[in-house]
Amino acid sequence: MASLEDLIPTVNKLQDVMYASGIDTLDLPILAVVGSQSSGKSSIIETLVGRDFLPRGTGIVTRRPLVLQLNNLPKDSSQANENIGSDANPDPFSSGSTKNNQLEDSLSFVEDGINGQTNNNQKHRSEWGEFLHIPGRRFYDFNEIRREIENETARLAGKNKGISKLPINLKIFSPHVLNLTLVDLPGITKVPIGEQPPDIEKQIKNLILDYVATPNCLILAVSPANVDLVNSESLKLAREVDPLGKRTIGVITKLDLMDSGTNALDILSGKLYPLKFGFVGIVNRSQQDIQLNKSVQEALNNEEEYFKRHPIYRTISNKCGTRYLAKLLNKILMNHIKDKLPDIKTKLNTLVTQTEQELYSYGGSALSTKENRANLILQLMNKFATSFISSIEGNSSDINTKELCGGARIYYIYNNVFGKSLKSIDPTTNLTTMDIRTAIRNSTGPRPTLFVPEFAFDLLVRPQVSLLLEPSQRCVELVYEELMKICHGCGSPELVRYPRLKSMLIEVVVDLLKERLAPTRQYVESLIDIHKAYINTNHPSFLKATEAYSDIMKSNQERKDKENKNTEVITEKENGSDRSSSSEETGYIDGKNNISKEADESKALFFDNFFATEKQDSSGNLANTSHDTLVINEDLNGSLLGNLHITENSQTTYDLEPHLSEREQLECELIRRLIISYFGIIREMIEDQIPKAIMFFLVNYCKESVQNRLVTKLYKESMLEELLVEDQTIAQDRANCERLLETYKNASSLINNIL
């Protein structure tokens, strides 16, 4: 079973992993040193280490959190004999790590310093520091450690007293220190100096709260004895996050600087401000001692003598001084870690489970044999093809609930986009009455017609059927684009690991879709040509000519009745109201007879016009029915036909005869209605046939052949190694995940041994 002394090194190792990974989810136990500027924080830390290594000066000096890990090493440790530049990190999981470090051995540096028994060269080689941002480099000269802290602080926080939340991680290895983990935080300040921002006090407070607000953080609240305790900024801040004082350790510094006749016995006894761990009195090295290069060991010796000889403090001298503080902090931190071990173990088990799941999502290591690689590629191909087919059929496990996709999108294209585009087409949008009349005249040649020529209807309806081609081809393109979208969205989590394989799978399916696009478009075009090739006027739904004529006559009669009624109203207004009732009655009867007579004449005129029985004018000349512009010059002495000639004009026009005869109006309206009727029939057939053609030639064909095409194109022995090239980012993430998982498991195993 592991020793209790291994708790702090274990937490230190976990801290290294967490900081190196850039995450802080474990909430590890730690000691945070909090105090105002010039309260003696740096002196306490240097005394605990036994070396001068922290930057000093006026104003704010600590401008970045310093995570300080003190690692106790035995005097005969093999790490002390390793070369400079080698990895000197103590590994608590190593089988060679010491299990039984005694507290008395850790404090023996005082005796060694007093008696002069320590060889200076050995002491120099047995103590060093390492920075996390410079891994593997040992700093044996503690002055270099100070300069590196200053340089690293200036690198991120600048040189104008600004602060930064990013910590500096420093490890101290020495046989003369206790296993401790401290965080030296910037001193609390009130007034901005230099180029510090106006809210520097708020920034420092928020930075300190980021550490001390966590329940696993012990607070080392440093207060100078020459300042009234009620004005202590550190205790005030500690009370905000620890109102009961259960995790706060009070330190009273500069006891030797109190006014004569005053003492801090009530504070140190816990009577004035009770804390669970109480207060510890400290006598710091003065600025003069530092300038005279008085050693830490000598300062500790003087501090001990001060408490033993002081008339007030000698009764509690065994609970004062830096030696006692070091023992107390080591004991409190170990007990704190031990109390938090169940929570840490639970958190570690959760992290192990999460990391294992993350590692599983990255997949296993690369497959070594060709058979394994071939099987993997075949499995990924099958999953890709299945995902493509299921997305079209709508039974995919990853169905989007926010928008239409896959097969539902194709159905929407058929029934909404394509259907509405067909219904929006006007069958006669590009046909004017003059176009219809021109087509009728051109289809008869030089001969007069007895009936409306059928060829004119064929000539006019074919271009109108061609209007259906563009929306049909657009429907093919929309379905093709949707299939491309489905293809790019297919895959599985395992396929993300092999980007080359995924891109090749998509490329093969895209080539298949492109290959089927041309036949689909050709067949759609041929459907339109088929409907243009034969105009079937015998279709059951086609409008009959007699029905069309009756409807036209009825519309014309209603129009004439309305015009006659309007004419009568205008006439009555002009003649005045002096007309007698008998005259009105006679006029009404005559009007009624005139309407009946006009109806009979219209009906007779239709049949006369339908059979081309046009009347001659009084001079015996035929009405001009030619489409061309004819200018007839009658010569009184010559023949009429001899003087007939065609005038050529630079601008050909067909609107020189805007007036249509009644027969021409009937013929044009009849042709227009027949075109609308026939176009509606073809539109319904196209609306039904185009989706079927697309499904047969494009969608269903790709569904049925996608898996065979993938196997044919990609399942080749020569391509196995190329297709299974793993993404470098995923490989790196998996390696990091494996290392993190191993660390979590080792830490969990060590905690289990301790428990």
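Modeller: A helix here is a DSSP run of H or I with at least four residues, and a strand is a run of E with at least two. By that count, the chain has 24 helices and eleven strands. The model is predicted.

Colleague: What share of the chain counts as buried?

Modeller: Of its 755 residues, 44%. The cut-off for buried is under 20% relative accessible area. The chain exposes about 41,000 Å², and 50% of that comes from carbon and sulfur atoms.

Colleague: What part of the contacts with a separation of 6 or more links residues 24 or more positions apart?

Modeller: The share is 82%. A contact needs heavy atoms within 4.5 Å.

Colleague: Let's take single residues. Why is N72 called buried?

Modeller: Its relative accessible area is 12%. The limit is under 20%, so N72 counts as buried. N72 sits in strand β2, residues 66-72.

Colleague: What makes the pair N72 and P175 a polar contact?

Modeller: A polar atom of the N72 side chain lies 3.3 Å from the backbone oxygen of P175. The distance cut-off is 3.5 Å, so the pair falls within it.

Colleague: And I425: buried or exposed?

Modeller: Buried, at 15% relative accessibility. That value is under the 20% limit. I425 is found in the loop between α14 and α15 (433-444).

Colleague: Which residues does I425 touch, leaving aside neighbours within four places in sequence?

Modeller: L467, L468, P471, F679 and R683. As for Q464, it is 39 residues from I425 in sequence, and their C-alpha atoms are 9.7 Å apart.

Colleague: Now charges. What makes E240 and K205 a salt bridge?

Modeller: Their side chains meet at 3.4 Å, N to O. A salt bridge needs a Lys or Arg nitrogen within 4 Å of an Asp or Glu carboxyl oxygen, so the pair qualifies. E240 lies in helix α8 (residues 233-241) and K205 in helix α7 (residues 200-212), so the bridge ties together parts that are 35 residues apart in sequence.

Colleague: Why do E240 and K205 count as partly exposed?

Modeller: E240 has 43% relative accessibility. K205 has 36%. Partly exposed lies between the 20% and 50% limits, so both residues fit.

Colleague: How many salt bridges does the structure hold?

Modeller: It holds 21. Another of them joins E304 and R323, whose closest N and O atoms are 2.2 Å apart. E304 lies in helix α11 and R323 in helix α12 (residues 322-362), so this pair ties together parts 19 residues apart in sequence. E304 is partly exposed, at 27% relative accessibility.

Colleague: E303 is in helix α11 too. How do you know that E303 has no salt bridge?

Modeller: The nearest side chain of opposite charge is R323, 6.2 Å away. The limit is 4 Å, so E303 and R323 do not qualify. E303 is buried, even without a salt bridge.

Colleague: What lies around E303, not counting residues up to four places away in sequence?

Modeller: E303 touches I282, V283, G321 and T322. A polar atom of the E303 side chain is 3.1 Å from the backbone nitrogen of V283. The polar-contact cut-off is 3.5 Å, so that distance passes.

Colleague: Why are R474 and E477 called a salt bridge?

Modeller: Their side chains meet at 3.2 Å, N to O. The limit is 4 Å, so they qualify. Both lie in helix α17 (residues 469-489), three residues apart, about one turn of the helix. R474 is partly exposed at 40%, and E477 at 28%. Through shared partners, salt bridges join R474, E477, E481 and R521 into one network.

Colleague: Where is E481?

Modeller: In helix α17. E481 is partly exposed, at 43% relative accessibility. The C-alpha atoms of E481 and I410 are separated by 9.9 Å, with their positions 71 residues apart along the chain.

Colleague: Last one. What makes L404 fit for a surface patch?

Modeller: A patch residue needs over 30% relative accessible area. L404 has 45%, so it clears that limit. L404, Y412 and V417 form a nonpolar patch with about 230 Å² of accessible area together. L404 lies in the loop between α13 (370-393) and α14 (407-423).

Key:
Residues are numbered from 1 along each chain as its sequence is written. This is a predicted model: local features need pLDDT of at least 70, side-chain atom pairs count only at pLDDT 80 or more; totals for chains, interfaces and linings use all residues. Side-chain values use heavy atoms; hydrogens and water are left out. Buried means under 20% relative accessible area, exposed over 50%, partly exposed in between (1.4 Å probe, protein chains only). Lys and Arg count as positive and Asp and Glu as negative; His and the chain ends are not counted. A polar contact is a pair of N or O atoms within 3.5 Å; within protein, one must be able to donate a hydrogen and the other to accept it, and residues adjacent in sequence count only if both atoms are side-chain atoms. Patches are made of residues with over 30% relative accessible area and no salt bridge: like charges are joined within 9 Å, nonpolar side chains (Val, Leu, Ile, Met, Phe, Trp, Tyr) within 5 Å. Accessible areas come from the Shrake-Rupley method with a 1.4 Å probe; for residues, only the protein chains shown count as cover.
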